[in-house]
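Trainee: Could you pick one part of this model and take me through it closely? I'm comfortable at the bench, but I get lost once helix packing comes up.

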Amino acid sequence: MTIRRLDEVVGPRIASPVLVVGAGPAGITVALELAAAGRSCVLAESGDRGPTAEASDLDRGDVVGMPLRFEDVDLGTQGVRMRALGGASQHWTGMCRPLDPIDLAARPWRPGSGWPLVADDVEPWYRRAEASVAIRPGAWDAAAWHAAAGTAMPFGGDALVATPFQFSPPVRFGDARGAELEASELIDVVLDATAVELEVGPSGRIATVVLRSRTGTTVRVTPEVVVLATGGLEVPRVLLASRSAGSAGVANSSGLVGSGFMEHPHRWAGRVHLVDDPALGLYSLAPPPGGAPPSALWLGWSPTPELQEAESLAHGSILLWAGGGRGAAAAPPTAESGATSVLLAAGEARPVREASVTMRVEQLPLASSTVRLGSATDALGMPRLVLDWRVDPDVDRTMRRMLELLAQELGAAGLGRVELEPGGQPFAEVPIEAGSHPMGTARMHVDPALGVVDADLRSHDVENLYIVGSAVFPASGHANPTLTIVALAHRLAAHLAGIEAPA
Amino acid sequence: MSPPLDRRRFLGLVGAAVGVAVVPLPGCAGDDDGAGPAPTTPTTPAGSPLRRSLAVLAAAVRAAAPELEPLDLEQVALGGSDDVLAAAVVELAPAMRDDFARGAVVDAGGWRLSETEARLALAAS
């Protein structure tokens with residue numbers, strides 16, 4: 001079946017057993033996995049094969065809370081999204097890590113935490129997702145990476161645990177899986193097809209999904225099942241804008257759609273000065289020992305679960321950046337530059353190296369941190385977004401604490417020293433940046449009063465509506481979300497196809 | 001807030017504390033940032049990179065942690081050469097690591113330091 005545009009659809013209606021809305025990593029994975037199980041679907045993508053200014057303009061909205069900034073660039077609501085075949089994978093860095101068990105757990109010191117899933121529920125699907133994004137399956141043990149590199153762990157203790165991140169090449173799902181989509185007899189890919197309304201019928205199910213092209217063509221799909229996979233910003237937008245069943249929107253009896261918006265607050269703060277020790281070799285972004293996959297490996301550190309509990313910390317990670325850009329750590333200092341004194345260890349010169357420090361933490365799903373509809377409308381007549389991003393005080397506290405812990409561990413190991421406030425800039429004045437990871441706007445919970453979807457990603461309110469993607473994350477951890485998004489998509493597709501989890 | 005340390009100068013101390021010994025750089029090779037004295041025009045703080053690192057560090061320590069007392073380190077007090085000073089740093093490196101391990105630290109000039117190295121700076125400056 002070819003990939004076509006909505007304007008090329010003959011007639012005002014499409015009948016399909018399953019409509020997948022959004023062709024990002026989640027939507028494409030669901031469609032391909034359903035097809036592999038012999039199920040057909042329509043895969044509707046708002047964008048085209050590649051990004052266009054016209055499609056991107058549909059993402060434009062107002063940011064009234066904290067800015068979504070990255071370095072000096074204000075990303076706004078457009079910069080964190082990609083409306084094209086492949087979705088945000090078309091511009092992601094490929095940085096991957098699964099959630100840890102503590103991220104899924106209900107933690108008394110983290111209000112709103114707790115997934116209705118445990119590690120065993122998601123582990124098999126992580127293995128599938130790792131294959132999908134071309135990283136090394138299950139390779140999340142820092143000690144094993146050190147063994148492969150032939151180096152000792154720089155330190156191990158009660159405070160910080162080494163935390164590997166693997167990098168996908170990155171797999172851009174639109175490019176990498178486009179040929180499979182096009183070749184499939186069971187997947188009907190329709191581009192320039194924006195879902196502008198989910199219409200609820202008398203039975204309380206989604207009866208019709210209205211798709212509209214930027215040229216004004218409107219086609220109505222009448223699916224048995226709808227999978228909404230449009231990302232952490234567009235999921236609440238579509239649900240809130242669909243008012244056929246009431247002014248609160250669809251699937252929103254809890255009032256939680258769009259509430260509890262989360263990002264991964266990032267900060268580049270602090271600088272480390274390290275002796276040139278092989279034990280630290282894995283702690284900068286580099287090709288992995290043993291070769292690809294993954295395309296690159298980067299180890300950082302996270303507070304141990306015990307310390308998180310003891311000090312009521314958020315989960316986060318701290319990483320060293322010795323590459324170009326970001327501060328003054330573009331290269332190891334040299335004697336000629338005057339940036340080092342040369343050390344002698346048993347007659348061996350040991351230059352001091354500098355690195356910048358970057359950190360990210362999870363935030364609480366604050367009720368005041370929201371995605372809502374504004375009064376302005378886009379070219380398709382949909383209300384534009386208003387994003388009000390806020391974070392809790394534990395973000396600052398955890399970031400600062402991680403830097404202190406790094407100083408403690410490096411100092412105790414005799415490996416280096418940490419500048420907490422390089423240049424005298426107070427830590428709290430270093431701006432918080434965004435990770436382009438919008439999450440939590442249609443959270444998962446077993447209680448319909450506390451969540452939008454259940455553990456199977458089915459809407460509590462609407463029987464034939466499923467949501468997959470970062471919108472359903474009730475707690476975010478610190479890991480980049482794409483791997484978890486793809487794992488959840490594999491799991492959902494198996495659920496819809498009636499397939500058991502792999503062993 | 002205490003005045004920021006010149007991190008490039010401070011590297012001399014950092015290196016000594018985490019390594020074994022410091023090789024004094026000739027002249028003022030460590031001062032290409034414009035903040036330090038040229039070798040032929042000594043100003044305060046004067047001396048080698050390591051000694052000047054300690055002087056700058058000591059000023060920050062005094063501002064951030066005035067309660068800290070200098071170490072009773074005769075060889076540092078009496079030693080006029082950086083060789084002696086470097087040897088003292090080497091001797092104290094295990095104590096510095098122990099300080100970090102047990103949380104005996106002080107923030108001075110934007111750095112997180114071992115209390116022992118902070119006291120050493122006060123003693124040697």
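Mentor: Let's begin with handedness: a crossing is called left-handed if the near helix is turned anticlockwise from the far one by less than a right angle, and right-handed if clockwise. The helices themselves are DSSP runs of H or I with at least four residues, strands are runs of E with at least two, and the numbering starts from the N terminus. Bear in mind that this is a predicted model, where local features need pLDDT of at least 70, side-chain atom pairs count only at pLDDT 80 or more, and totals for chains, interfaces and linings use all residues. Residues are numbered from 1 along each chain as its sequence is written, chains are lettered from A and ligands numbered from 1 in the order in which they are written, and side-chain values use heavy atoms, with hydrogens and water left out.

The part I'd pick is helix H12 of chain A, residues 482-497, and how H5(A) and H1(A) pack on it. Take H5(A), residues 119-132, to start with: its axis is 8 Å from that of H12(A), and the angle is about 110 degrees. Here axes are lines fitted to C-alpha atoms, for helices over the stretch in contact, and angles run from 0 to 180 degrees between N-to-C directions. So H5(A) is roughly perpendicular to H12(A) (65 to 115 degrees gets that label, while under 35 is roughly parallel, over 145 roughly antiparallel and the rest oblique). H5(A) passes H12(A) in a right-handed crossing.

Which residues do the touching? Contact means heavy atoms within 4.5 Å. From H5(A) come A:Asp121, A:Trp125, A:Tyr126, A:Arg128, A:Ala129, A:Glu130 and A:Ser132, and they meet A:Leu483, A:Thr484, A:Val486, A:Ala487, A:His490, A:Arg491 and A:Ala494 of H12(A). Sorted by type, the contact of H5(A) with H12(A) has seven nonpolar, three polar and four charged residues. For that sorting, Ala, Val, Leu, Ile, Met, Phe, Trp, Tyr, Cys and Pro are nonpolar, Asp, Glu, Lys and Arg are charged, and the others, Gly among them, are polar.

A:Glu130 also turns up in another contact: leaving aside neighbours within four places in sequence, A:Gly138 touches A:Arg127 and A:Glu130. You'll find A:Gly138 in the loop between H5 and helix H6 (142-149) of chain A. A:Gly138 has 39% relative accessibility, so it counts as partly exposed. On that scale, buried means under 20% relative accessible area, exposed means over 50%, and partly exposed is in between (1.4 Å probe, protein chains only).

Now for H1(A), residues 25-36. Its axis lies 8 Å from that of H12(A), with an angle of about 35 degrees, and the crossing is right-handed. The H1(A) side supplies A:Pro25, A:Ala26, A:Thr29, A:Val30, A:Glu33 and A:Leu34, against A:Ile485, A:Val486, A:Ala489, A:His490, A:Leu492, A:Ala493, A:Leu496 and A:Ala497 of H12(A). The mix for H1(A) with H12(A) is 11 nonpolar, two polar and one charged. Check how the H1(A) residues are spaced along the chain with this rule in mind: an α-helix has 3.6 residues a turn, so residues three or four places apart point the same way.

H1(A) reaches 16 Å from its first C-alpha to its last over 12 residues, close to the expected 16 Å (the expected span is 1.5 Å times one less than the number of residues). Because 10 of those 12 residues are buried, H1(A) is largely enclosed by the rest of the structure. Among the buried ones are A:Gly27, A:Ile28, A:Ala31 and A:Leu32. What do the buried residues of H1(A) pack against? Besides H12, they pack against strand S2 (13-21), strand S3 (41-44), helix H7 (173-176), helix H8 (178-183) and strand S9 (187-191) of chain A. H1(A) is followed by A:Gly38, with a positive phi near 85 degrees.

One stop off the helices: H7 has a loop before it, running from strand S8 (160-167), and A:Pro170 lies there. The peptide bond from A:Pro169 to A:Pro170 is cis, with omega near 0 degrees. For background, most residues other than glycine have a negative phi, and most peptide bonds are trans.
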